Amino acid sequence: MQTRVKSESRHELAEVVETPAAPRTWFAAAISAATNHGPEYLMEAACLGLFMVSACSFTVLLQHPGSIVRQMIPSTLLRRSLTGMAMGLTAIALIYSPWGKQSGAHFNPSVTLASFCLGKIEPWDAVFYIVAQFMGGALGVVLSALMWGEAMTHQNVRYATTIPGRSGTGVAFVAELVISFLMMTMVLTVSNSVRVARFTGIIAGALVATYITVEAPLSGMSMSPARTFASAMPGRIWNALWVYFTAPPLGMMLAAQVYLFLRGKHAVLCAKRHHDKDKRCIFRCDSKALLMPITLKEAM
């Protein structure tokens, strides 16, 4: 009996001694995530980088006074509409690209945070996605600066930065909150519907185009801390940066909570914008229904 007690005591002591090693589990989880899901992180970075190259390039072409395109289109509204169309098509192309299909096409820390709140993305994946988005966006603007040179610094271009309009920071904050809320509400509603999920990217691109045309004069139309930071960093344009670091995440996380309240957690199938059965999914995914063929009865 004494031997058994001593044995049990040693076992209990061993458990107590092993407990402090728990922090290693966090480090191991981070390494595991980076090792296993590294391709998705790089795809997120590359896609946002390409988005920023497109944003900077079209801003130069449509806003720089030395541009022939700018000289041919005197209307500010028309130029803004063309910019919106260009960026909407860019978003659509990236969402449905092989990289966008595999990474889930977040391209935005606000989207990633909302997906985390919905329980569809692991903590370390969320962290690395956000880091990748910031790095990718910044590299995209740096590449654009190398491509366009001094044109990027012109006051009409200013690295395609997003800053509050003449109405001030308060209006910009509310505007960013509203457009972010509406975008995430659309994404959740459409992407979780078997009938129309495949159109999520197209509708998202259409909203981007509409926002740039209509809302840009109020806040510059960001919806993304990473997108705003990418333009602000090289130009050191930190005007009201807090607006773009708070309003978009708040708007999208609020939309996520409203969706959960109305539809329930079971209604959220995945964190991807577009699901492709040929691409792996690293999220807490329950999207089998989206990959099943739709019958004629379901489509009607």
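**Exercise 1. Determine which residue forms a salt bridge with Arg280, and where the two partners lie in the chain.**

*Solution.* In this predicted model, Arg280 pairs with Glu40, and the closest N and O atoms are 2.7 Å apart. This distance satisfies the cut-off of 4 Å for a salt bridge. Next, place the partners: Arg280 belongs to the loop between α12 and α13 (288-291), while Glu40 belongs to helix α2. The pair links distant parts of the chain, 240 residues apart. Finally, assign the exposure of each partner. Arg280 has a relative accessible area of 38% and is therefore partly exposed. Glu40 has a relative accessible area of 0%, so Glu40 is buried.

**Exercise 2. State how many salt bridges the structure holds, and characterise the pairs of Asp276 and Arg284.**

*Solution.* The structure holds 3 salt bridges.

- Asp276 and Lys101 meet through their side chains at 3.4 Å, N to O. Because Asp276 lies in the loop between α12 and α13 and Lys101 in helix α5 (residues 98-103), the pair ties together parts that are 175 residues apart in sequence. Both Asp276 and Lys101 are buried.
- Arg284 and Glu122 form a salt bridge at 3.0 Å, N to O. Here the loop between α12 and α13, holding Arg284, is linked to the loop between α6 and α7, holding Glu122, across 162 residues. Arg284 has a relative accessible area of 38% and is thus partly exposed; at 34%, Glu122 is also partly exposed.

**Exercise 3. Identify the residues with the most contacts inside the largest nonpolar core, and the elements that build this core.**

*Solution.* The largest nonpolar core has 46 residues, and Met183, Met184 and Met221 have the most contacts inside it. The elements giving two or more residues to this core are α2, α4 (76-95), α6 (109-117), α7, α8 (169-191), α9 (200-214), α11 (225-235) and α12 (241-263). A second, separate core has 11 residues, among them Ala33, Ile121, Tyr129 and Ile282. Now consider the surroundings of Met221: leaving aside neighbours within four places in sequence, its contacts include Thr162, Glu176, Ile179, Val208, Tyr211 and Arg227.

**Exercise 4. Decide whether Leu62 is buried or exposed, and list the residues that Leu62 touches.**

*Solution.* Leu62 is placed in helix α2. Its relative accessibility is 5%, so Leu62 counts as buried, the limit being under 20%. Not counting residues up to four places away in sequence, Leu62 touches Val69, Arg70, Ile73, Arg79, Leu82 and Thr83. The C-alpha atoms of Leu62 and Leu78 are separated by 9.8 Å, with the two residues 16 apart along the chain.

**Exercise 5. Establish which helix gives the most to the nonpolar surface patch.**

*Solution.* The patch consists of Phe58, Leu61, Val69, Val142, Leu143, Leu146, Met147, Trp148, Met233 and Trp238, with about 860 Å² of accessible area together. Helices α2 (22-63) and α7 (123-148) each supply at least two of these residues. Helix α7 gives the most, with 5 residues. Trp148 lies in α7 and, at a relative accessible area of 30%, is partly exposed.

**Exercise 6. Locate the stretches where the pLDDT is below 50.**

*Solution.* The mean pLDDT of the protein chain is 89, and 88% of its residues reach 70 or more. Residues 1-23 have a pLDDT below 50 and, beyond near neighbours in sequence, 0 contacts in the model. Residues 294-300 are also below 50, with 7 such contacts. Where pLDDT is low, the predicted coordinates should not be read in detail.

Terms used. Residues numbered from 1 in each chain as written. Predicted model: local features only at pLDDT ≥ 70, side-chain atom pairs only at ≥ 80, totals over all residues. Heavy atoms only, no water. pLDDT = per-residue confidence, 0-100. Contact = heavy atoms within 4.5 Å. Patch = residues over 30% accessible without salt bridge, like charges linked within 9 Å, V, L, I, M, F, W, Y side chains within 5 Å. Areas by Shrake-Rupley, 256 points an atom, 1.4 Å probe, with all protein chains shown as cover. Helix = DSSP H or I, 4+ residues; strand = E, 2+ residues; numbered from the N terminus. Buried < 20%, exposed > 50% of the residue type's maximum accessible area, 1.4 Å probe, protein only. Core = buried A, V, L, I, M, F, W, Y, C linked by side-chain atoms within 4.5 Å.
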